[in-house]
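Let's take a walk through this one together, starting from a single residue and working outwards. Have the sequence and the model open as you read.

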Amino acid sequence: MKGKLICIVIASIAGVLVVGSFSLGLFSGLENFVEDLLFTPQPLSDEIVIAAIDNDSINKIGQWPLPSKIFADAFLALVKNPPQAVGLDVMLAEPSRRGRDDDETLEKSLNRTSYRIILPIEASPLLLDESKPPRAGNILKPLEIFSAAPGVRHGHVNLILDSDGVVRRFPTFIVSSDPPGEKEIKAFAYEIALAAGKPIPDESGLNGIERIVFSSPAGNIRRVPFYRILENGSSLNLEGKIVLIGATAPDLHDEKPTPLSRGSQMPGVEIQANMLNMLIKGYRLR
């Protein structure tokens, strides 16, 4: 009888220690490591294309940040053979260093495009509380003259880094208290899918923070150099595609580790492209 009591006490203590350790996140590193090993390549949508602001584009176009006119020219070049939608993963929150005329050129082009354009918003900081939806402390958003165009939508580009610095999750929406009142802002990739008219399988389940289903390591989603859109956008066969424009040049420092990094990092725009792919393909990790 005494032996049984000792076993029960030991088992109870062990149970409390294990439950407490999980509650405190002491095993989260091991859990993340094991889950990372379970990732397998997933089919990629051939509709998704990254217009990469790479080293060649920077060398040909000029110093970063690029003039607003450059984006204006790119959007108008795509009008001839329009994509389904374009996501510009570049924050346009500051007036152009080249003056108001530069920004007004982009404003005019946004009003002339025949396809929808998604501009990024960022919660800074992003406030996470298990009992509440993700919230924005403050909002970094594009200049109002860009946001007012009828074909422009907005989506947040916030990602969640785990304690090991790896991107594995994202909020499907965040709650903002910016005037004129509280509202939900969907994720950038989510808004791109909607703008392209893509039905999102299992959309009702997207109600908080989702694991990102990465389809492949960096460099596997089709890329075209951004400068080629400016030179001859019609030659790239982007009609009917979903185009994400963003930085891939290492010097622009928009890269993060992912579960598939294997020592290399993935540009932020490609992380967004993977999120877009998982949404329209219906991939989920539970």
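Does Met91 count as buried, partly exposed or exposed? Keep in mind that this is a predicted model. Met91 comes out at 27% relative accessibility, so it counts as partly exposed. You'll find Met91 in the loop between strand S2 (85-88) and H5. Leaving out residues up to four places away in sequence, Met91 touches Pro120, Ile121, Glu122, Leu140 and Lys141. Leu119 is another one to look at: 28 residues separate it from Met91 along the chain, yet their C-alpha atoms are 7.6 Å apart.

Met91 also leads us to the largest pocket, which has a volume of about 700 Å³. Its lining takes in 31 residues, and Met91 is among those closest to the centre, together with Trp64, Asp89, Val90 and Leu92. Which elements each supply at least two residues of that lining? They are helix H4 (68-79), helix H5 (100-110), strand S3 (116-123) and helix H9 (268-281). As for chemistry, the lining splits into 17 nonpolar, nine charged and five polar residues.

Stay with helix H5 for a moment, since Ser109 lies there. At 1% relative accessibility, Ser109 counts as buried because the cut-off is under 20%. Its contacts, again not counting residues up to four places away in sequence, are Ala72, Phe75 and Leu76.

Now for the nonpolar cores. In soluble globular proteins, nonpolar side chains tend to be buried together. Here the largest nonpolar core has 36 residues, and those with the most contacts inside it are Ile212, Leu244, Ile271 and Leu276. Strand S1 (48-53), S9, helix H7 (188-195), strand S14 (242-247) and H9 each give two or more residues to this core. H9 provides the largest share, eight residues. Zoom in on Leu276: setting aside neighbours within four places in sequence, Leu276 is in contact with Ile48, Ala189, Ile192, Ala193, Ile242 and Leu244. There is also a second, separate core of 33 residues, which includes Phe75, Leu106, Leu236 and Val243. That is the Phe75 we met as a contact of Ser109.

Let's finish with S9, which gives residues to the largest core and also belongs to a sheet. Three strands make up this open, antiparallel sheet, in the order S8-S9-S12. Strand S8 (160-161) and strand S12 (209-211) are the edge strands, each pairing on one side only. S8 and strand S9 (residues 167-171) pair over two bridges, and Leu161 stands opposite Val167 in S9.

How values were computed: Residues numbered from 1 in each chain as written. Predicted model: local features only at pLDDT ≥ 70, side-chain atom pairs only at ≥ 80, totals over all residues. Heavy atoms only, no water. Pairing = 2+ DSSP bridges. Helix = DSSP H or I, 4+ residues; strand = E, 2+ residues; numbered from the N terminus. 1 Å grid on protein atoms, 1.4 Å probe; cavity = no way out; pocket = protein on both sides within 12 Å on 5 of 7 lines; lining within 4 Å. Points joined across faces, edges and corners; volume = space filled by probe spheres on them. Nonpolar A, V, L, I, M, F, W, Y, C, P; charged D, E, K, R; others polar. Buried < 20%, exposed > 50% of the residue type's maximum accessible area, 1.4 Å probe, protein only. Contact = heavy atoms within 4.5 Å. Core = buried A, V, L, I, M, F, W, Y, C linked by side-chain atoms within 4.5 Å.
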